[in-house]
Amino acid sequence: MSSDQNILVKLKDAGFQINDKWLVKNVSLQVEKGKIVTLIGPNGSGKSTTAKIALGIYKKIDGSVEKNTDKIGYVPQKISIDWTLPLRVYDFMLLTENLDEETINNALSLTGVSHLKDKNLGDLSGGEFQRVLLARAISKKPELLVLDEPVQGVDFTGEIALYELIKKISDELNCGILLISHDLHTVMSATDHVVCLNGHVCCSGSPMDVAKNNEYKALFGEQASQILSRYEHRHDHVHTSEGEIKKN
Amino acid sequence: MFDDFFIRALVAGLGVAIVTGPLGCFVIWRRLSYFGDTLSHSALLGVTLAYSMEFNIALSVFIISSLIALTLIHLQKRTNLPGDALLGLLAHSSLAVGLVVIGFLTFIRFDIMGLLFGDILAVTVKDLVIIWVGGALILLVLKLIWKPLFASTVNYELAEAEGLNPDRAKAIFTILMAGIIAISIKMVGLLLITGMLIIPAAMARNISDSPQKMVVYSIIGGLLSVILGLFSSLEFNTSSGPSIIAAALFLFILSLFNIKQSIKLKN
(Lines give C-alpha, C1' and ligand atoms only; values in the text may rest on other atoms or scores of the structure.)
Protein backbone atom coordinates (compact mmCIF):
# COMPACT_ATOMS: atom_id res chain seq x y z
CA MET A 1 0.00 0.00 0.00
CA SER A 2 1.18 3.50 -0.76
CA SER A 3 1.28 6.30 1.75
CA ASP A 4 -1.17 9.18 1.73
CA GLN A 5 1.36 11.72 0.52
CA ASN A 6 1.41 10.06 -2.84
CA ILE A 7 -2.28 10.61 -3.42
CA LEU A 8 -2.86 13.39 -5.95
CA VAL A 9 -6.62 13.23 -6.12
CA LYS A 10 -9.11 11.15 -4.22
CA LEU A 11 -12.83 10.78 -4.86
CA LYS A 12 -15.00 9.45 -2.08
CA ASP A 13 -18.57 8.39 -2.94
CA ALA A 14 -18.64 11.16 -5.50
CA GLY A 15 -21.72 11.72 -7.62
CA PHE A 16 -23.16 14.39 -9.89
CA GLN A 17 -26.69 15.03 -11.08
CA ILE A 18 -28.31 17.37 -13.58
CA ASN A 19 -32.07 17.94 -13.49
CA ASP A 20 -32.59 15.13 -10.99
CA LYS A 21 -30.84 12.64 -13.22
CA TRP A 22 -27.67 11.10 -11.89
CA LEU A 23 -24.86 11.14 -14.43
CA VAL A 24 -22.69 9.17 -12.09
CA LYS A 25 -23.02 8.05 -8.51
CA ASN A 26 -20.94 6.62 -5.67
CA VAL A 27 -17.59 6.73 -7.34
CA SER A 28 -14.55 6.22 -5.18
CA LEU A 29 -11.11 6.18 -6.65
CA GLN A 30 -7.69 7.68 -6.17
CA VAL A 31 -4.79 8.60 -8.40
CA GLU A 32 -1.29 8.39 -7.00
CA LYS A 33 2.06 9.72 -8.18
CA GLY A 34 3.53 7.66 -10.99
CA LYS A 35 0.41 5.53 -11.39
CA ILE A 36 -2.01 5.26 -14.28
CA VAL A 37 -5.67 4.83 -13.45
CA THR A 38 -7.94 4.03 -16.36
CA LEU A 39 -11.67 4.63 -16.50
CA ILE A 40 -13.52 2.38 -18.89
CA GLY A 41 -17.19 1.95 -19.59
CA PRO A 42 -19.79 2.29 -22.36
CA ASN A 43 -21.03 5.61 -23.75
CA GLY A 44 -22.92 7.63 -21.19
CA SER A 45 -21.51 5.67 -18.29
CA GLY A 46 -20.12 8.79 -16.61
CA LYS A 47 -16.44 8.55 -17.49
CA SER A 48 -16.04 12.18 -18.53
CA THR A 49 -18.29 13.28 -15.67
CA THR A 50 -16.07 11.46 -13.20
CA ALA A 51 -13.01 13.16 -14.69
CA LYS A 52 -14.70 16.55 -14.39
CA ILE A 53 -15.59 15.87 -10.77
CA ALA A 54 -11.96 15.01 -10.09
CA LEU A 55 -10.84 18.21 -11.83
CA GLY A 56 -13.24 20.41 -9.90
CA ILE A 57 -15.14 21.52 -13.00
CA TYR A 58 -18.36 20.23 -11.47
CA LYS A 59 -18.69 21.77 -8.06
CA LYS A 60 -22.14 20.86 -6.75
CA ILE A 61 -21.40 17.24 -6.17
CA ASP A 62 -22.27 14.53 -3.73
CA GLY A 63 -19.51 12.97 -1.72
CA SER A 64 -16.08 14.54 -1.62
CA VAL A 65 -13.06 15.28 -3.74
CA GLU A 66 -9.67 15.81 -2.21
CA LYS A 67 -7.09 17.33 -4.53
CA ASN A 68 -3.48 17.67 -3.43
CA THR A 69 -2.00 19.35 -6.46
CA ASP A 70 -2.70 22.32 -8.66
CA LYS A 71 -0.23 21.39 -11.39
CA ILE A 72 -2.73 19.77 -13.69
CA GLY A 73 -2.72 19.00 -17.38
CA TYR A 74 -6.09 18.29 -18.97
CA VAL A 75 -7.02 16.91 -22.37
CA PRO A 76 -10.79 17.37 -22.72
CA GLN A 77 -12.81 14.96 -24.78
CA LYS A 78 -14.05 17.64 -27.12
CA ILE A 79 -12.83 21.09 -27.91
CA SER A 80 -14.03 23.27 -30.71
CA ILE A 81 -12.21 26.39 -31.78
CA ASP A 82 -14.44 29.04 -33.26
CA TRP A 83 -13.42 30.64 -36.56
CA THR A 84 -13.62 34.08 -34.96
CA LEU A 85 -10.59 33.20 -32.85
CA PRO A 86 -7.36 33.08 -34.86
CA LEU A 87 -5.24 30.64 -32.89
CA ARG A 88 -2.02 28.99 -33.94
CA VAL A 89 -0.68 25.83 -32.33
CA TYR A 90 2.03 28.01 -30.77
CA ASP A 91 -0.56 30.32 -29.11
CA PHE A 92 -2.51 27.32 -27.89
CA MET A 93 0.58 25.86 -26.19
CA LEU A 94 0.81 29.04 -24.10
CA LEU A 95 -2.86 28.96 -23.11
CA THR A 96 -2.62 28.31 -19.39
CA GLU A 97 1.07 28.71 -18.66
CA ASN A 98 4.00 30.75 -19.98
CA LEU A 99 6.51 28.34 -21.44
CA ASP A 100 9.80 28.98 -23.18
CA GLU A 101 10.41 28.15 -26.82
CA GLU A 102 12.45 25.03 -26.06
CA THR A 103 9.81 23.47 -23.79
CA ILE A 104 7.17 23.99 -26.47
CA ASN A 105 9.36 22.49 -29.18
CA ASN A 106 10.18 19.47 -27.01
CA ALA A 107 6.55 18.76 -26.18
CA LEU A 108 5.46 19.10 -29.80
CA SER A 109 8.19 16.81 -31.05
CA LEU A 110 7.36 14.21 -28.37
CA THR A 111 3.87 13.86 -29.83
CA GLY A 112 5.22 14.14 -33.36
CA VAL A 113 3.73 17.45 -34.44
CA SER A 114 6.60 19.95 -34.27
CA HIS A 115 6.06 20.78 -37.95
CA LEU A 116 2.59 22.15 -37.13
CA LYS A 117 3.77 24.83 -34.70
CA ASP A 118 2.78 27.83 -36.83
CA LYS A 119 -0.36 26.32 -38.28
CA ASN A 120 -3.81 27.53 -37.40
CA LEU A 121 -5.67 25.17 -35.05
CA GLY A 122 -8.68 25.20 -37.35
CA ASP A 123 -6.60 23.75 -40.18
CA LEU A 124 -5.52 20.62 -38.29
CA SER A 125 -6.97 17.17 -38.81
CA GLY A 126 -8.64 15.39 -35.90
CA GLY A 127 -5.60 13.25 -35.17
CA GLU A 128 -3.18 16.16 -35.44
CA PHE A 129 -5.34 18.23 -33.12
CA GLN A 130 -5.38 15.41 -30.58
CA ARG A 131 -1.57 15.26 -30.63
CA VAL A 132 -1.41 19.02 -30.06
CA LEU A 133 -3.82 18.73 -27.11
CA LEU A 134 -1.63 16.06 -25.56
CA ALA A 135 1.53 18.09 -26.19
CA ARG A 136 -0.02 21.10 -24.46
CA ALA A 137 -1.07 19.06 -21.45
CA ILE A 138 2.36 17.49 -20.91
CA SER A 139 4.42 20.58 -21.74
CA LYS A 140 3.74 22.17 -18.36
CA LYS A 141 5.13 19.12 -16.58
CA PRO A 142 2.01 18.49 -14.53
CA GLU A 143 1.78 16.37 -11.41
CA LEU A 144 -1.63 15.12 -12.49
CA LEU A 145 -2.64 14.43 -16.07
CA VAL A 146 -6.28 13.89 -16.93
CA LEU A 147 -6.69 12.50 -20.42
CA ASP A 148 -10.20 12.10 -21.79
CA GLU A 149 -9.92 9.80 -24.79
CA PRO A 150 -6.58 11.31 -25.78
CA VAL A 151 -6.01 9.28 -28.92
CA GLN A 152 -9.40 9.59 -30.64
CA GLY A 153 -8.93 10.02 -34.36
CA VAL A 154 -5.25 9.11 -34.25
CA ASP A 155 -4.09 6.48 -36.75
CA PHE A 156 -3.43 2.98 -35.47
CA THR A 157 0.37 3.08 -35.28
CA GLY A 158 0.22 6.56 -33.80
CA GLU A 159 -2.21 5.32 -31.19
CA ILE A 160 0.17 2.69 -29.87
CA ALA A 161 3.05 5.17 -29.92
CA LEU A 162 1.01 7.74 -27.98
CA TYR A 163 0.03 5.23 -25.31
CA GLU A 164 3.68 4.30 -24.98
CA LEU A 165 4.45 8.00 -24.65
CA ILE A 166 1.83 8.39 -21.93
CA LYS A 167 3.36 5.49 -20.04
CA LYS A 168 6.81 7.03 -20.47
CA ILE A 169 5.64 10.42 -19.23
CA SER A 170 4.12 8.86 -16.16
CA ASP A 171 7.47 7.18 -15.38
CA GLU A 172 9.67 10.18 -16.19
CA LEU A 173 7.68 12.93 -14.52
CA ASN A 174 6.41 10.61 -11.82
CA CYS A 175 3.00 12.13 -12.42
CA GLY A 176 -0.32 10.45 -11.83
CA ILE A 177 -2.56 9.88 -14.83
CA LEU A 178 -6.31 9.53 -14.97
CA LEU A 179 -6.99 8.07 -18.38
CA ILE A 180 -10.35 7.63 -20.04
CA SER A 181 -10.67 5.21 -22.86
CA HIS A 182 -12.88 2.64 -24.40
CA ASP A 183 -10.04 1.24 -26.35
CA LEU A 184 -9.43 -1.80 -24.20
CA HIS A 185 -6.68 -3.47 -26.19
CA THR A 186 -4.03 -0.84 -25.88
CA VAL A 187 -5.04 0.61 -22.56
CA MET A 188 -5.20 -2.45 -20.38
CA SER A 189 -1.55 -3.37 -20.66
CA ALA A 190 -0.20 0.04 -19.67
CA THR A 191 -2.51 0.57 -16.73
CA ASP A 192 -1.92 0.09 -13.03
CA HIS A 193 -5.54 0.26 -11.96
CA VAL A 194 -8.79 -0.02 -13.90
CA VAL A 195 -12.14 1.37 -12.86
CA CYS A 196 -15.06 0.05 -14.84
CA LEU A 197 -17.96 2.51 -14.82
CA ASN A 198 -21.59 2.25 -15.76
CA GLY A 199 -23.24 5.09 -13.83
CA HIS A 200 -21.52 3.67 -10.79
CA VAL A 201 -18.38 1.64 -10.23
CA CYS A 202 -19.12 -1.78 -11.68
CA CYS A 203 -15.79 -3.20 -10.71
CA SER A 204 -12.24 -2.09 -10.24
CA GLY A 205 -8.80 -3.53 -9.70
CA SER A 206 -5.79 -4.53 -11.70
CA PRO A 207 -6.40 -4.98 -15.44
CA MET A 208 -6.27 -8.73 -15.01
CA ASP A 209 -8.83 -8.75 -12.20
CA VAL A 210 -11.21 -6.50 -14.10
CA ALA A 211 -10.99 -8.54 -17.26
CA LYS A 212 -11.98 -11.61 -15.28
CA ASN A 213 -14.87 -9.84 -13.62
CA ASN A 214 -18.34 -10.88 -14.67
CA GLU A 215 -19.78 -7.38 -14.67
CA TYR A 216 -17.03 -6.23 -16.96
CA LYS A 217 -17.84 -9.03 -19.35
CA ALA A 218 -21.52 -8.19 -19.24
CA LEU A 219 -20.72 -4.63 -20.22
CA PHE A 220 -18.24 -5.25 -22.96
CA GLY A 221 -19.15 -8.72 -24.12
CA GLU A 222 -17.32 -11.98 -23.99
CA GLN A 223 -14.83 -11.04 -26.65
CA ALA A 224 -13.49 -8.05 -24.76
CA SER A 225 -12.54 -10.14 -21.80
CA GLN A 226 -10.73 -12.62 -24.00
CA ILE A 227 -8.18 -9.95 -24.67
CA LEU A 228 -6.66 -10.88 -21.37
CA SER A 229 -8.30 -14.06 -20.25
CA ARG A 230 -11.16 -16.47 -20.77
CA TYR A 231 -13.86 -16.70 -18.19
CA GLU A 232 -17.48 -17.53 -17.60
CA HIS A 233 -20.19 -14.94 -17.86
CA ARG A 234 -22.57 -14.27 -15.02
CA HIS A 235 -24.17 -10.87 -14.55
CA ASP A 236 -25.95 -10.17 -11.29
CA HIS A 237 -27.74 -6.94 -12.13
CA VAL A 238 -29.30 -4.96 -14.96
CA HIS A 239 -29.36 -1.24 -15.68
CA THR A 240 -32.73 0.38 -16.29
CA SER A 241 -33.09 3.41 -18.54
CA GLU A 242 -33.49 5.64 -15.48
CA GLY A 243 -30.03 4.66 -14.38
CA GLU A 244 -31.18 2.45 -11.55
CA ILE A 245 -29.61 -0.87 -10.82
CA LYS A 246 -31.72 -3.96 -10.30
CA LYS A 247 -30.42 -7.20 -8.95
CA ASN A 248 -31.36 -10.23 -10.98
CA MET B 1 -4.29 72.89 -27.65
CA PHE B 2 -7.48 71.42 -26.15
CA ASP B 3 -9.31 74.70 -26.76
CA ASP B 4 -10.43 73.55 -30.15
CA PHE B 5 -13.49 71.29 -29.94
CA PHE B 6 -12.27 69.22 -32.85
CA ILE B 7 -8.92 68.45 -31.21
CA ARG B 8 -10.78 67.49 -28.04
CA ALA B 9 -13.06 65.16 -30.00
CA LEU B 10 -10.09 63.60 -31.76
CA VAL B 11 -8.16 63.01 -28.54
CA ALA B 12 -11.28 61.56 -26.92
CA GLY B 13 -12.01 59.30 -29.90
CA LEU B 14 -8.47 58.00 -30.10
CA GLY B 15 -8.51 57.24 -26.39
CA VAL B 16 -11.74 55.30 -26.77
CA ALA B 17 -10.45 53.38 -29.82
CA ILE B 18 -7.36 52.13 -27.99
CA VAL B 19 -9.62 50.54 -25.36
CA THR B 20 -12.41 49.26 -27.63
CA GLY B 21 -9.80 47.46 -29.77
CA PRO B 22 -8.88 44.66 -27.33
CA LEU B 23 -12.28 44.60 -25.59
CA GLY B 24 -13.97 44.29 -28.98
CA CYS B 25 -11.90 41.21 -29.78
CA PHE B 26 -13.23 39.52 -26.67
CA VAL B 27 -16.78 40.63 -27.55
CA ILE B 28 -16.41 38.83 -30.87
CA TRP B 29 -14.62 35.77 -29.50
CA ARG B 30 -17.09 35.30 -26.66
CA ARG B 31 -20.11 36.16 -28.83
CA LEU B 32 -21.15 39.08 -26.69
CA SER B 33 -22.28 41.64 -29.25
CA TYR B 34 -25.88 41.56 -28.08
CA PHE B 35 -24.64 41.72 -24.52
CA GLY B 36 -22.81 44.95 -25.43
CA ASP B 37 -26.09 46.31 -26.81
CA THR B 38 -27.90 45.50 -23.60
CA LEU B 39 -25.30 47.30 -21.51
CA SER B 40 -25.31 50.37 -23.72
CA HIS B 41 -29.10 50.58 -23.78
CA SER B 42 -29.11 50.45 -20.01
CA ALA B 43 -26.67 53.38 -20.12
CA LEU B 44 -29.58 55.69 -20.97
CA LEU B 45 -31.02 54.98 -17.57
CA GLY B 46 -27.63 55.84 -16.09
CA VAL B 47 -27.54 59.14 -17.96
CA THR B 48 -31.01 60.19 -16.87
CA LEU B 49 -30.27 59.31 -13.26
CA ALA B 50 -27.08 61.36 -13.47
CA TYR B 51 -29.07 64.36 -14.69
CA SER B 52 -31.83 64.03 -12.15
CA MET B 53 -29.44 63.71 -9.23
CA GLU B 54 -26.74 66.02 -10.59
CA PHE B 55 -24.23 63.21 -10.56
CA ASN B 56 -21.24 62.53 -12.82
CA ILE B 57 -22.56 60.94 -16.04
CA ALA B 58 -19.72 58.48 -16.66
CA LEU B 59 -19.79 57.24 -13.07
CA SER B 60 -23.57 56.90 -13.09
CA VAL B 61 -23.55 54.99 -16.38
CA PHE B 62 -20.77 52.76 -15.08
CA ILE B 63 -22.74 51.91 -11.95
CA ILE B 64 -26.05 51.26 -13.72
CA SER B 65 -24.43 49.19 -16.50
CA SER B 66 -22.49 47.13 -13.97
CA LEU B 67 -25.67 46.50 -12.01
CA ILE B 68 -27.53 45.42 -15.16
CA ALA B 69 -24.63 43.16 -16.14
CA LEU B 70 -24.47 41.50 -12.74
CA THR B 71 -28.27 41.10 -12.73
CA LEU B 72 -27.97 39.39 -16.08
CA ILE B 73 -25.31 36.95 -14.88
CA HIS B 74 -27.48 36.20 -11.87
CA LEU B 75 -30.67 35.71 -13.94
CA GLN B 76 -28.87 33.47 -16.41
CA LYS B 77 -28.28 31.01 -13.61
CA ARG B 78 -31.77 31.32 -12.10
CA THR B 79 -34.29 31.31 -14.96
CA ASN B 80 -35.05 29.05 -17.85
CA LEU B 81 -35.35 31.90 -20.36
CA PRO B 82 -32.87 31.58 -23.21
CA GLY B 83 -29.93 33.97 -23.06
CA ASP B 84 -30.96 36.18 -25.97
CA ALA B 85 -34.50 36.65 -24.65
CA LEU B 86 -33.07 37.65 -21.29
CA LEU B 87 -30.75 40.14 -22.96
CA GLY B 88 -33.62 41.62 -24.96
CA LEU B 89 -35.74 41.89 -21.85
CA LEU B 90 -33.09 43.84 -19.96
CA ALA B 91 -32.01 45.93 -22.95
CA HIS B 92 -35.41 47.19 -23.92
CA SER B 93 -36.88 47.55 -20.48
CA SER B 94 -33.93 49.63 -19.27
CA LEU B 95 -34.11 51.72 -22.47
CA ALA B 96 -37.84 52.22 -21.95
CA VAL B 97 -37.51 53.08 -18.27
CA GLY B 98 -34.75 55.53 -19.18
CA LEU B 99 -36.98 57.27 -21.72
CA VAL B 100 -39.90 57.37 -19.29
CA VAL B 101 -37.70 58.99 -16.67
CA ILE B 102 -36.63 61.59 -19.26
CA GLY B 103 -40.32 62.36 -19.75
CA PHE B 104 -40.62 63.23 -16.07
CA LEU B 105 -37.57 65.44 -16.07
CA THR B 106 -39.30 68.33 -17.81
CA PHE B 107 -37.08 70.90 -16.12
CA ILE B 108 -34.00 69.65 -18.01
CA ARG B 109 -33.56 70.05 -21.74
CA PHE B 110 -32.23 66.80 -23.16
CA ASP B 111 -30.30 66.38 -26.36
CA ILE B 112 -31.67 62.93 -27.13
CA MET B 113 -29.96 62.73 -30.51
CA GLY B 114 -26.61 63.51 -28.90
CA LEU B 115 -27.22 60.80 -26.34
CA LEU B 116 -28.14 58.21 -28.94
CA PHE B 117 -25.56 59.03 -31.58
CA GLY B 118 -22.78 60.91 -29.82
CA ASP B 119 -21.96 64.58 -29.67
CA ILE B 120 -18.60 66.07 -30.61
CA LEU B 121 -19.32 69.48 -29.17
CA ALA B 122 -20.13 68.08 -25.76
CA VAL B 123 -16.64 66.67 -25.12
CA THR B 124 -14.94 68.70 -22.40
CA VAL B 125 -11.43 68.58 -20.99
CA LYS B 126 -12.88 66.79 -17.98
CA ASP B 127 -14.28 64.12 -20.33
CA LEU B 128 -10.81 63.70 -21.80
CA VAL B 129 -9.39 63.02 -18.37
CA ILE B 130 -12.14 60.46 -17.68
CA ILE B 131 -11.55 58.73 -21.02
CA TRP B 132 -7.76 58.51 -20.76
CA VAL B 133 -7.53 57.67 -17.06
CA GLY B 134 -10.50 55.32 -17.17
CA GLY B 135 -9.23 53.78 -20.40
CA ALA B 136 -5.78 53.19 -18.96
CA LEU B 137 -7.35 51.52 -15.93
CA ILE B 138 -9.50 49.26 -18.12
CA LEU B 139 -6.48 48.21 -20.20
CA LEU B 140 -4.41 47.56 -17.09
CA VAL B 141 -7.07 45.31 -15.57
CA LEU B 142 -7.59 43.56 -18.90
CA LYS B 143 -3.88 42.81 -19.06
CA LEU B 144 -4.00 41.37 -15.55
CA ILE B 145 -6.91 39.02 -16.34
CA TRP B 146 -5.79 38.29 -19.91
CA LYS B 147 -4.53 34.75 -19.26
CA PRO B 148 -7.60 33.32 -17.47
CA LEU B 149 -10.02 35.28 -19.66
CA PHE B 150 -8.39 34.19 -22.89
CA ALA B 151 -7.96 30.58 -21.79
CA SER B 152 -11.62 30.33 -20.78
CA THR B 153 -12.64 31.94 -24.07
CA VAL B 154 -10.88 29.10 -25.87
CA ASN B 155 -12.25 26.45 -23.53
CA TYR B 156 -13.96 27.08 -20.21
CA GLU B 157 -13.43 23.62 -18.76
CA LEU B 158 -9.76 23.57 -19.61
CA ALA B 159 -9.22 26.89 -17.85
CA GLU B 160 -11.24 25.73 -14.84
CA ALA B 161 -9.46 22.36 -14.65
CA GLU B 162 -6.01 23.91 -14.77
CA GLY B 163 -6.84 26.32 -11.97
CA LEU B 164 -7.30 29.66 -13.74
CA ASN B 165 -10.59 30.70 -12.12
CA PRO B 166 -12.52 31.66 -15.29
CA ASP B 167 -15.66 32.77 -13.42
CA ARG B 168 -13.80 35.55 -11.69
CA ALA B 169 -12.22 36.65 -14.98
CA LYS B 170 -15.66 36.71 -16.60
CA ALA B 171 -17.17 38.86 -13.85
CA ILE B 172 -14.28 41.32 -14.02
CA PHE B 173 -14.55 41.46 -17.81
CA THR B 174 -18.24 42.31 -17.49
CA ILE B 175 -17.37 45.26 -15.27
CA LEU B 176 -14.77 46.38 -17.83
CA MET B 177 -17.48 46.34 -20.50
CA ALA B 178 -19.62 48.61 -18.34
CA GLY B 179 -16.55 50.82 -17.94
CA ILE B 180 -15.88 51.26 -21.65
CA ILE B 181 -19.53 52.06 -22.28
CA ALA B 182 -19.45 54.67 -19.54
CA ILE B 183 -16.41 56.47 -20.95
CA SER B 184 -17.33 56.26 -24.62
CA ILE B 185 -21.02 57.18 -24.48
CA LYS B 186 -20.38 60.85 -25.32
CA MET B 187 -18.26 59.98 -28.35
CA VAL B 188 -20.35 57.51 -30.27
CA GLY B 189 -23.66 57.55 -28.43
CA LEU B 190 -25.37 54.63 -26.80
CA LEU B 191 -26.87 53.11 -29.94
CA LEU B 192 -23.52 52.82 -31.65
CA ILE B 193 -21.06 51.81 -28.95
CA THR B 194 -21.38 48.13 -29.81
CA GLY B 195 -20.46 49.02 -33.38
CA MET B 196 -17.26 50.62 -32.14
CA LEU B 197 -16.52 47.43 -30.24
CA ILE B 198 -17.23 44.85 -32.89
CA ILE B 199 -16.61 46.40 -36.31
CA PRO B 200 -12.86 47.14 -35.93
CA ALA B 201 -12.41 43.73 -34.26
CA ALA B 202 -14.30 41.98 -37.07
CA MET B 203 -12.13 43.84 -39.57
CA ALA B 204 -9.03 42.72 -37.66
CA ARG B 205 -10.14 39.08 -37.75
CA ASN B 206 -10.08 39.15 -41.53
CA ILE B 207 -6.41 40.06 -41.63
CA SER B 208 -4.92 38.30 -38.58
CA ASP B 209 -3.60 34.83 -37.88
CA SER B 210 -2.97 35.14 -34.14
CA PRO B 211 -4.87 36.65 -31.21
CA GLN B 212 -2.17 39.26 -30.52
CA LYS B 213 -2.22 40.45 -34.12
CA MET B 214 -5.99 40.66 -34.04
CA VAL B 215 -5.87 42.90 -30.97
CA VAL B 216 -3.26 45.19 -32.54
CA TYR B 217 -5.10 45.46 -35.88
CA SER B 218 -8.34 46.04 -34.03
CA ILE B 219 -6.80 49.02 -32.22
CA ILE B 220 -5.32 50.38 -35.45
CA GLY B 221 -8.69 49.92 -37.19
CA GLY B 222 -10.45 51.79 -34.38
CA LEU B 223 -7.94 54.66 -34.50
CA LEU B 224 -8.28 54.97 -38.28
CA SER B 225 -12.08 54.90 -38.00
CA VAL B 226 -12.04 57.74 -35.49
CA ILE B 227 -9.69 59.88 -37.63
CA LEU B 228 -11.54 59.16 -40.88
CA GLY B 229 -14.96 59.51 -39.26
CA LEU B 230 -14.27 62.75 -37.43
CA PHE B 231 -12.67 64.48 -40.41
CA SER B 232 -15.51 63.47 -42.67
CA SER B 233 -18.07 64.55 -40.06
CA LEU B 234 -16.37 67.97 -40.07
CA GLU B 235 -16.28 68.00 -43.86
CA PHE B 236 -19.86 66.88 -44.50
CA ASN B 237 -21.41 68.24 -41.30
CA THR B 238 -22.68 64.80 -40.19
CA SER B 239 -22.96 63.62 -36.59
CA SER B 240 -19.77 62.22 -35.13
CA GLY B 241 -20.86 58.78 -33.90
CA PRO B 242 -22.44 57.53 -37.13
CA SER B 243 -19.54 58.93 -39.15
CA ILE B 244 -17.01 57.00 -37.09
CA ILE B 245 -19.00 53.79 -37.37
CA ALA B 246 -19.46 54.29 -41.12
CA ALA B 247 -15.69 54.72 -41.45
CA ALA B 248 -15.20 51.49 -39.48
CA LEU B 249 -17.59 49.73 -41.84
CA PHE B 250 -15.61 51.06 -44.79
CA LEU B 251 -12.41 49.57 -43.35
CA PHE B 252 -14.21 46.28 -42.69
CA ILE B 253 -15.29 46.07 -46.33
CA LEU B 254 -11.70 46.72 -47.43
CA SER B 255 -10.53 43.86 -45.19
CA LEU B 256 -12.89 41.46 -46.93
CA PHE B 257 -10.69 41.62 -50.02
CA ASN B 258 -7.91 40.08 -47.96
CA ILE B 259 -10.11 37.06 -47.18
CA LYS B 260 -11.00 36.56 -50.81
CA GLN B 261 -7.32 36.55 -51.69
CA SER B 262 -6.38 34.03 -49.03
CA ILE B 263 -9.23 31.74 -50.09
CA LYS B 264 -7.98 31.95 -53.67
CA LEU B 265 -4.46 31.12 -52.55
CA LYS B 266 -5.69 28.04 -50.72
CA ASN B 267 -7.50 26.71 -53.74
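Here is a short back-and-forth about a predicted model with chains A and B.

Student: Which helix of chain B has the highest confidence, and which the lowest?
Tutor: Chain B has a mean pLDDT of 88, and 95% of its residues reach 70 or more. At the low end sits helix H5(B), residues 112–117, with a mean of 80. The top spot goes to helix H6(B), residues 125–154, at 95.

Student: What ipTM does the predictor give the complex?
Tutor: There are two scores for the complex here. The pTM is 0.86, and the ipTM is 0.84.

Student: Which helix supplies the largest share of the side of chain B that touches chain A?
Tutor: On that side, 19 residues of chain B are in contact with 20 residues of chain A. H1, H6, H7 and H10 of chain B each supply at least two of the chain B residues. The residues on the chain B side split into ten nonpolar, four polar and five charged. The largest share, five residues, comes from H7(B).

Student: At what angle do H3(B) and H8(B) pack?
Tutor: Packed helices are described by an angle and a distance between their axes. For H3(B), residues 57–78, and H8(B), residues 166–188, the axes are 8 Å apart. Their crossing is right-handed, and the angle is about 145 degrees.

Student: How many residues of the contact of H3(B) with H8(B) are charged?
Tutor: H3(B) brings residues including Val61(B), Phe62(B), Ser65(B) and Ile73(B), while the H8(B) residues they meet include Thr174(B), Met177(B), Gly179(B) and Ile181(B). By class, the contact has 13 nonpolar residues and four polar ones. The number of charged residues is zero, as the split lists no charged.

Student: How many residues are in the largest nonpolar core?
Tutor: In soluble globular proteins, nonpolar side chains tend to be buried together. Here, the residues with the most contacts inside the largest core include Val146(A) and Cys196(A), along with Leu23(B), Ala43(B), Val61(B), Met177(B) and Ile181(B). The size of that core is 147 residues.

Student: Which residues does Ala43(B) touch, leaving out those up to four places away in sequence?
Tutor: Ala43(B) is among the residues with the most contacts inside the largest nonpolar core. Two of its partners, Val61(B) and Ile181(B), are also on that list. The full set is Val61(B), Ile64(B), Ser65(B), Ile181(B), Ile185(B) and Leu190(B).

Student: What percentage of the residues of chain A count as buried?
Tutor: Chain A has nine helices and eleven strands. Among its contacts between residues at least 6 apart in sequence, 61% join residues at least 24 apart. Of its 248 residues, the buried share is 42%.

Definitions and conventions
Residues numbered from 1 in each chain as written. Chains lettered and ligands numbered in written order. Axes fitted to C-alpha atoms, helices over the stretch in contact; angles between N-to-C directions. Helix = DSSP H or I, 4+ residues; strand = E, 2+ residues; numbered from the N terminus. Left-handed = near helix turned anticlockwise from the far one by under 90°. Contact = placed C-beta atoms within 7 Å. Nonpolar A, V, L, I, M, F, W, Y, C, P; charged D, E, K, R; others polar. pLDDT = per-residue confidence, 0-100. Core = buried A, V, L, I, M, F, W, Y, C linked by C-beta atoms within 7 Å. Buried ≥ 20, exposed ≤ 12 C-beta atoms within 10 Å, placed from the backbone.
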